[in-house]
Every structure is written in C-alpha cells, then in structure tokens.
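Student: I would like a close look at one part of this model, with its surroundings taken into account. Please start from the strand pairing and work outwards.

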Amino acid sequence: SMQAGTLYVRGVQQINTASYSCVRSSKGDGEAECALPVEGTGLMAVQDKMLVIPVTTTGNSSCGEVEPSPTFGISPNPVPLSISTSNVTRWGAVDSASVAQWTVQRLEQPGNYQVCYCADSPDGSLDSRGECFSGAAGFYHEMGSLEVRGADPAQMFLCVPGKTCEFVVTGVNLSISDKVRLVGPEDSCSRPKPLVTATKIDFNQ
C-alpha cells in the first residue's frame with residue numbers, strides 16, 4: 001500500500017455531551033446575551049452554526065434535517081460561531097480555530113433544549129453552499145443540551161391594596177437567590193429606577 005494523502009476532519013469536539021445553561025431574557029426588557037464556548041478542530045466563524053430546538057415530551061426532537069423555527073423566542077437561531085483573533089489558524093483559504101463561542105442574544109421561553117451543530121462546508125469554500133443557512137438544514141451533529149432557566153412569562157398575580165400579598169412564581173430551575181422586582185404598568189423591568197418603592201423581594205422556595 002502507499003500513502004495517497006492526508007484526511008483532515010474538522011468540527012466540534014463534544015458530541016451529545018455538552019451541557020449549557022442560560023438565564024431567560026425578553027426582547028426590549030433588559031436582554032442579556034449568553035455567550036457559550038465550544039471546542040473542536042477547524043471551527044470557522046459565520047459559516048459554522050448552532051441550532052437550538054425544543055425537547056418535547058414525546059422525545060422525538062433530534063438533530064438532522066430540521067427547520068429553524070422562531071416560535072420559541074431564541075434569537076438568533078441558528079447561531080453563528082465567532083472566533084478570537086488570538087488563536088486563529090489557516091484552514092485552506094479561511095481562518096479557523098480550536099476554540100470558538102456562540103452567543104444567544106435573546107431567550108424568551110424557559111425550558112430544556114437540544115443543541116445541534118452544522119459545518120456549512122468541509123473546507124470553508126462554500127462549494128456545498130447553503131446547508132446551514134436556510135430551509136431544511138444539515139444540523140446532524142448533536143452537541144448536547146441547553147437549559148434556559150427563569151420565570152415563566154405572562155404570569156398574572158392579584159393583590160388587594162393595603163394587605164399582605166403572597167404569590168407563587170412558576171418557572172424552570174428557580175433559585176432561592178432569585179429576586180422579584182415590581183415596576184409600574186407602563187414601565188420596563190430594565191428601567192434603572194423603578195416607579196414603585198418595592199424594588200427587591202426575597203424569593204422563598
């Protein structure tokens with residue numbers, strides 16, 4: 001036998017083992033970006049992407065030919081990778097890295113999600129153009145899971161003026177260190193100075 005050449009395999013290192021966690025944030029109400037790391041070989045910015053899909057009770061959520069969906073409040077989705085200029089190496093004609101990150105700007109719905117990875121083209125040339133951009137995309141690699149923790153949106157609480165008011169907050173993985181903040185009816189939760197005096201209330205589990 002004789003050596004014909006060298007095969008380079010690029011992609012993410014973690015396959016169905018990565019575990020990520022972010023805190024719920026709402027559009028126009030103090031959005032908090034969630035930057036998540038990923039390691040691998042030949043990771044490319046913009047071209048490589050993560051896709052977040054819900055985990056359903058039927059257990060039929062899986063990576064593969066899945067359609068990106070905006071209905072569960074994760075933006076952007078798919079999420080392009082970004083790489084630091086400090087660890088860049090050349091992969092063919094484009095820059096690549098062994099460490100990258102993907103940043104979710106908004107997560108509106110608490111819950112558990114599955115994370116899928118797509119490399120748009122093996123060498124970055126985009127000869128296989130479009131697999132990670134639109135339509136039924138090739139997000140075949142199961143990266144792991146993402147937990148979005150926080151209070152469920154659109155909860156309604158009723159209190160009587162002048163009397164002690166207790167209410168139950170539901171959500172995902174709530175902590176005893178979490179706080180409830182009261183604001184005016186036309187106010188935003190991200191306002192530096194709320195319009196009411198009760199700014200922080202202990203959350204008791």
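Student: How many bridges join β4 to β11, and do the two strands run parallel or antiparallel?

Tutor: β4 and β11 are joined by 6 bridges, and they run antiparallel. This is a predicted model, and what follows should be read in that light. One residue pair from this contact is I53, whose bridge partner in β11 is Q114.

β11 also pairs with β13: 7 bridges join them, again in antiparallel orientation. Within that pairing, N112 stands opposite E147 in β13. β11 thus has β4 as one partner and β13 as another. The strand is mostly covered, as 7 of its 8 residues are buried.

β4 has a further partner in β7, joined to it by 2 bridges and running antiparallel. Here M50 stands opposite V79 in β7. From β7 the pairing continues to β9 through 3 bridges, and these two strands are antiparallel as well. Here S82 has Q101, in β9, as its bridge partner. Followed in order, the pairings go from β13 to β11, from β11 to β4, from β4 to β7 and from β7 to β9.

The setting for this is a chain with 0 helices and 16 strands. Of the contacts with a separation of 6 or more, 71% are between residues 24 or more positions apart. Of the 205 residues, 36% count as buried.

The strands just followed also meet in the packing. The largest nonpolar core has 24 residues, and those that touch the most other members are Y20, V38, M50, L81, W102, M143 and L146. At least two residues of this core come from each of β2 (18–23), β3 (34–43), β4 (49–54), β7 (79–83), β9 (94–104), β11 (111–118) and β13 (141–151). β3 gives the largest share, 4 residues. In soluble globular proteins, nonpolar side chains tend to be buried together.

Y20 shows how such a core member is placed. Apart from its neighbours within four places in sequence, Y20 contacts L36, P37, V38, W102, V115, M143, S145, L146 and E147. E147, in that list, is also the residue that N112 stands opposite in the pairing of β11 with β13. There is a second, separate core of 6 residues, with L51, I53, C63 and C118 among them. I53 therefore has two roles in this account: it is a member of that core and, by the bridge rule, the partner of Q114.

Charged side chains form the next layer of the picture, with 4 salt bridges in the model. Side chains of opposite charge can pair when their charged atoms come close. One salt bridge lies just before β4: the side chains of R10 and D48 meet at 2.8 Å, N to O. R10 is in the segment before β1 (11–12) and D48 in the loop between β3 and β4, so the pair, 38 residues apart, links distant parts of the chain. Both partners lie under the 20% limit for burial: R10 has a relative accessible area of 12% and D48 one of 0%.

At the β13 side, R149 and D178 form a salt bridge with N and O 3.0 Å apart. Distant parts of the chain are linked here too, with R149 in strand β13 and D178, 29 residues away, in the loop between β14 and β15 (179–180). D178 counts as buried because its relative accessibility is 16%. A pair with another setting is R90 and D95, whose closest N and O atoms are 2.4 Å apart. R90 is exposed at 53%, while D95 is partly exposed at 36%.

Beyond β13, the loop leading to β14 (171–172) holds F157. Together with F167 and L182, F157 makes a nonpolar surface patch of about 220 Å². F157 is partly exposed, with a relative accessible area of 32%. For the chain, the exposed area is about 12500 Å², of which carbon and sulfur atoms supply 53%.

Definitions and conventions:
Residues numbered from 1 in each chain as written. Predicted model: local features only at pLDDT ≥ 70, side-chain atom pairs only at ≥ 80, totals over all residues. Heavy atoms only, no water. Core = buried A, V, L, I, M, F, W, Y, C linked by side-chain atoms within 4.5 Å. Buried < 20%, exposed > 50% of the residue type's maximum accessible area, 1.4 Å probe, protein only. Contact = heavy atoms within 4.5 Å. Areas by Shrake-Rupley, 256 points an atom, 1.4 Å probe, with all protein chains shown as cover. Patch = residues over 30% accessible without salt bridge, like charges linked within 9 Å, V, L, I, M, F, W, Y side chains within 5 Å.
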